[in-house]
Amino acid sequence: MDIYSLIGFVGMACIIGAYAYLTSSKAPNPYILHGTNLAGAALLTVSLLVHTNWPSLVLEGFWAAIAIWGIAKAIREKKAAKQP
């Protein structure tokens, strides 16, 4: 196993961990959830750039985009909650 496969396994663990966190939490913190998903997608992308699998690479792009959207939504909601 090379370093890029190891990086991919860490990314996979992040995404599985985020899903387990979402499933087990009554009120998951969106920053933890989406941040962990974004980190996982980024790490898997590094692995997939070396060991190319196009469908998985495209999937990680969408996974990252959705995570960024979730983080942006959480930031907007936090700002809106602070306004009178």
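This report describes the fold, the first helix, a nonpolar surface patch and some single residues of a predicted model.

## Overall fold

The secondary structure consists of three helices and zero strands. Read from the N terminus, the order of elements is α-α-α. Along the principal axes, the C-alpha atoms occupy a box of roughly 55 × 25 × 20 Å.

The protein has 84 residues, and 23% of them are buried. Its accessible surface is about 5800 Å², with 72% of that area belonging to carbon and sulfur atoms. Taking contacts between residues at least 6 apart in sequence, 63% link residues at least 24 apart.

## Helix H1

Helix H1 spans residues 3-24. Its 22 residues cover 31 Å from the first C-alpha to the last, which is close to the 32 Å expected at 1.5 Å a residue.

The buried residues of H1 are Gly8, Gly11, Cys14, Ile15 and Ala18. Viewed down the helix axis, the buried residues of H1 lie within an arc of 110 degrees, so they line one face of the helix. As a general rule, an α-helix has 3.6 residues a turn, so residues three or four places apart point the same way. The cover over the buried residues of H1 includes H2 and helix H3 (54-82). On the face of H1 turned away from the buried side are the exposed residues Ile3, Ile16, Thr23 and Ser24.

## Nonpolar surface patch

A nonpolar patch of about 1100 Å² lies on the surface, formed by Met1, Ile3, Tyr4, Leu6, Phe9, Val10, Met12, Ile16, Val46, Leu49 and Val50. The elements giving two or more residues to the patch are helix H1 (3-24) and helix H2 (30-50). H1 supplies the largest share, seven residues. Two patch members, Ile3 and Ile16, are also among the exposed residues on the H1 face turned away from its buried side.

Val10, another member of the patch, is located in helix H1. Its relative accessibility is 42%, so Val10 counts as partly exposed; the partly exposed class lies between the 20% limit for buried and the 50% limit for exposed.

## Residues in H2 and H3

His34 belongs to helix H2. With 19% relative accessibility, His34 counts as buried, because the cut-off is under 20%. When neighbours within four places in sequence are set aside, the contacts of His34 are Ala67, Gly70 and Ile71.

Ile68 is a residue of helix H3. At 49% relative accessibility, Ile68 is classed as partly exposed, because exposed requires over 50%. Between Ile68 and Thr36 there are 11 Å in space, C-alpha to C-alpha, and 32 residues in sequence.

Pro55 is also placed in helix H3. Pro55 has a relative accessibility of 63% and therefore counts as exposed. The C-alpha atoms of Pro55 and Val10 are 19 Å apart, with a separation of 45 residues along the chain.

Terms used
Residues are numbered from 1 along each chain as its sequence is written. This is a predicted model: local features need pLDDT of at least 70, side-chain atom pairs count only at pLDDT 80 or more; totals for chains, interfaces and linings use all residues. Side-chain values use heavy atoms; hydrogens and water are left out. Patches are made of residues with over 30% relative accessible area and no salt bridge: like charges are joined within 9 Å, nonpolar side chains (Val, Leu, Ile, Met, Phe, Trp, Tyr) within 5 Å. Accessible areas come from the Shrake-Rupley method with a 1.4 Å probe; for residues, only the protein chains shown count as cover. A salt bridge is a side-chain nitrogen of Lys or Arg within 4 Å of a carboxyl oxygen of Asp or Glu. Helices (H or I, at least four residues) and strands (E, at least two) are DSSP runs, numbered from the N terminus. Buried means under 20% relative accessible area, exposed over 50%, partly exposed in between (1.4 Å probe, protein chains only). Contact means heavy atoms within 4.5 Å. The expected span of a helix is 1.5 Å times one less than its number of residues. The arc is that of the directions from the helix axis to the C-beta atoms.
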